[in-house]
Amino acid sequence: MTIKRRRFLLRASQLLGSLASACFACGHAVETGGAGATARAEPYPLPPKPLSRAGQITLFVCGDVMTGRGIDQVLPYPSHPRIYESYLKSAIDYVLIAEEANGPIPRPQDFNSIWGDALEALSQSNPDVRLINLETSVTTSEDYWPGKGINYRMHPRNIPCLTAADIDACALANNHVLDWGFSGLTETLATLDQAGLAYAGAGADLAAAKAPAVIELENKTNHRHRLLLFSAGVSSSGIPTNWAAQKHKPGVHLLPDLKEHTLARVSAQIEAVKQPGDIAVYSIHWGGNWGYTIAEAHQRFARGLIDSAAIDLVHGHSSHHAKGIEVYRGKPIIYGCGDFLNDYEGIHGHEQFRGDLSLLYFVTLDLLSGQLIRFDMIPMQIRQFRLNRASDKDTRWLAATLTREGQPLGTRVIETQGHQLTLDWH
Ligand SMILES: [Zn+2]
C-alpha cells in the first residue's frame, strides 16, 4: 500500500469517526452537539509524505476557498440556510442568483464537483503539498457573529469536499473563520482535526493560533524535511479586532500592524521553529478585496519575512482577484492569490477585475536553499460553483494582466502550452 493511500485511509477512518461521534441526523442539522461539544481531538500522526522529485519540493497554493453559504447549499449536507445579511436572508438565494447567471446547478453535487477541472490539473502537476486559505467556518453553530453582515459556514459533514482534493493544510487567519462565534471556531478546528487536515492561524489560545502547521516530508534517500505553514491576518482584510486570539482566549492570529517591531516579533517566532531542511510558508490575509495596488507596508513586510525570517514563500490573499507577483532574493511573494472558489456568480460590480477567474499556483523550490526553481499557474473560471478550465482568451487576459502588474516587481507571466502560465523573474 502506498503512503498516499494509507494517508487517505487514515483520513477516511478519522472522518467516519467524527461523523459517528457527531451523530448528525439530517442535512439541515441545527444541533449544537457536534464536534464543537467535545474537547479538541488530538490530530492523528500522519506518516511523512514522500517527495516526488529529487532535491525539490512543489507546493500547490491558492487563495480563498469559500465553500460556505451558497456552495454549502449545493453540497450533500447543506447547513440551515438562514443568514443574517442586510439584503439576503437565505443562503439558497446565492444558488438562485448563480443559476440565473449561468444555468442550473443540480443539487446535491458530489464532494468532488466543486473542484471540477482543478482535480485533473492537480493530479497532472502532482504537487508534494497542497495548501489553501479556508475562508469559511465549518460548523452547525447558530451563534452568528452579530453585526458582521456576512457569515460564512459549511456543514461539518461537507468536509469531504476538502479531502476530495487531498488538501494537506489550511490557513485560517481570515475574516470568516469566526463568523459563527467561538463555538463555531471550536467545531471548525475539531472538524479539521478529525478529517486529518492540518491548519494554522486560529486556535484555542494565542500560542495555538500562532503555531505553524507542520507537514512531515521524506525524500527518496529517506531524509526528513518539514513544511511549515504559518498563518496570520491583519485587520485591513476585514478581521474584527476582537477576533484576535489572546493568551487565554481563542481566536485568530491577528497581527496588530505590519511595522518593524511586529516583523521582529514574527521573525523571532519563526526562527525559534524553523530548522535546517525546513521549507517555510507565511500565509497572510491582508488588504481589501479589489484593486491591484500593492501597499508599501505589504511589500516591506513580505521582503522582511524573507530577509529576517528565512521564509521561502509569502502566500498573500484577501483580494478577490490575482495581483502582481514578485521574486525577492530568489523567494516568491504572492501579494494576492485571488479567490479560488466562491459563490459570487451573478453578483455584479467590479467585473473589470474578473473575479470569476482563479489560479492554481504551483511553486517549485530547491529543497535545501528554498530558492525558486519554477512557478507555474493554471487558470480556471468559476461557473456553476465549479472550477472549469479558463478559455484561451481569458488565459491570455490573465497573462497580460499579471505581466502588467508584475512589471514594477520585475516579473512577467508567459502563456505556455495547454492553458498554462509560467512566471519569468530573471
Ligand atoms: Zn477574506
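**A loop residue, a sheet and a few backbone oddities**

Let's start in the loop between α9 and β13, which is where Ala310 sits. Its phi is positive, about 55°, even though Ala310 is not a glycine. With 15 other C-beta atoms within 10 Å, Ala310 is partly exposed. For background, most residues other than glycine have a negative phi, and most peptide bonds are trans.

The model here is a predicted one. Its mean pLDDT is 89, and 89% of the residues reach 70 or more. The start of the chain is another story: over residues 1–42 pLDDT stays under 50, and for this stretch the model has 72 contacts beyond four places in sequence. Overall, the protein has 10 helices and 20 strands. Of its 426 residues, 51% are buried. Among contacts with a separation of 6 or more, 73% are between residues 24 or more positions apart.

Back to the neighbourhood of that loop. Strand β13 belongs to an open sheet of 7 strands, ordered β1-β9-β10-β12-β13-β15-β14, with mixed pairing. At its edges are β1 (49–50) and β14 (325–328), each of which pairs on one side only. Helix α9 (residues 296–309) packs on this sheet and touches β12 (278–285), β13, β14 and β15, with its direction at about 150° to that of β13. Together, β12, α9 and β13 make a right-handed β-α-β unit. As a reminder, strands of a sheet pair through backbone hydrogen bonds, either parallel or antiparallel.

Strand β12 is worth a walk-through. It runs parallel to β10 (residues 224–233), with 8 bridges joining the two, and Leu228 has Ala280 of β12 as its bridge partner. Strand β12 also runs parallel to β13, this time joined by 5 bridges; here Ser283 is partnered with His315 in β13. From β12, Asp278, Ala280, Tyr282 and Ile284 point one way, while Ile279, Val281, Ser283 and His285 point the other way, and all are buried. Since 8 of the 8 residues of β12 are buried, the strand is largely enclosed by the rest of the structure. Further along the sheet, β13 (residues 313–317) and β15 (residues 331–334) pair in the parallel sense over 2 bridges, and Val314 stands opposite Ile333 in β15.

Ala310 has company when it comes to backbone quirks. Arg69, in helix α2 (residues 69–74), has a positive phi of about 50° and is not a glycine either. The surroundings of Arg69 are crowded enough for the residue to count as buried, because 29 C-beta neighbours lie inside 10 Å. Another quirk concerns a peptide bond: the one joining Arg107 and Pro108 is cis, with omega at about -5°. Pro108 is found in the loop between α3 (92–102) and α4 (118–125).

One last stop is Ile378, a residue of strand β17 (residues 372–383). Ile378 counts as buried because it has 25 C-beta neighbours inside 10 Å. Neighbours within four places in sequence aside, Ile378 is in contact with Ala121, Leu360, His419 and Gln420. In the case of Leu360, the two residues are 18 apart along the chain, and their C-alpha atoms are separated by 5.1 Å.

Note on methods
Residues are numbered from 1 along each chain as its sequence is written. This is a predicted model: local features need pLDDT of at least 70, side-chain atom pairs count only at pLDDT 80 or more; totals for chains, interfaces and linings use all residues. Helices (H or I, at least four residues) and strands (E, at least two) are DSSP runs, numbered from the N terminus. A residue is buried if 20 or more other C-beta atoms lie within 10 Å of its own, exposed if 12 or fewer, and partly exposed in between; C-beta atoms are placed from the backbone. Two residues are in contact if their C-beta atoms, placed from the backbone, lie within 7 Å. Two strands pair if DSSP finds at least two bridges between them. Axes are lines fitted to C-alpha atoms, for helices over the stretch in contact, and angles run from 0 to 180 degrees between N-to-C directions. A crossover is right-handed if, with the strands pointing away from the viewer, the path from the first strand over the helix to the second runs clockwise. pLDDT is the predictor's confidence in each residue, from 0 to 100.
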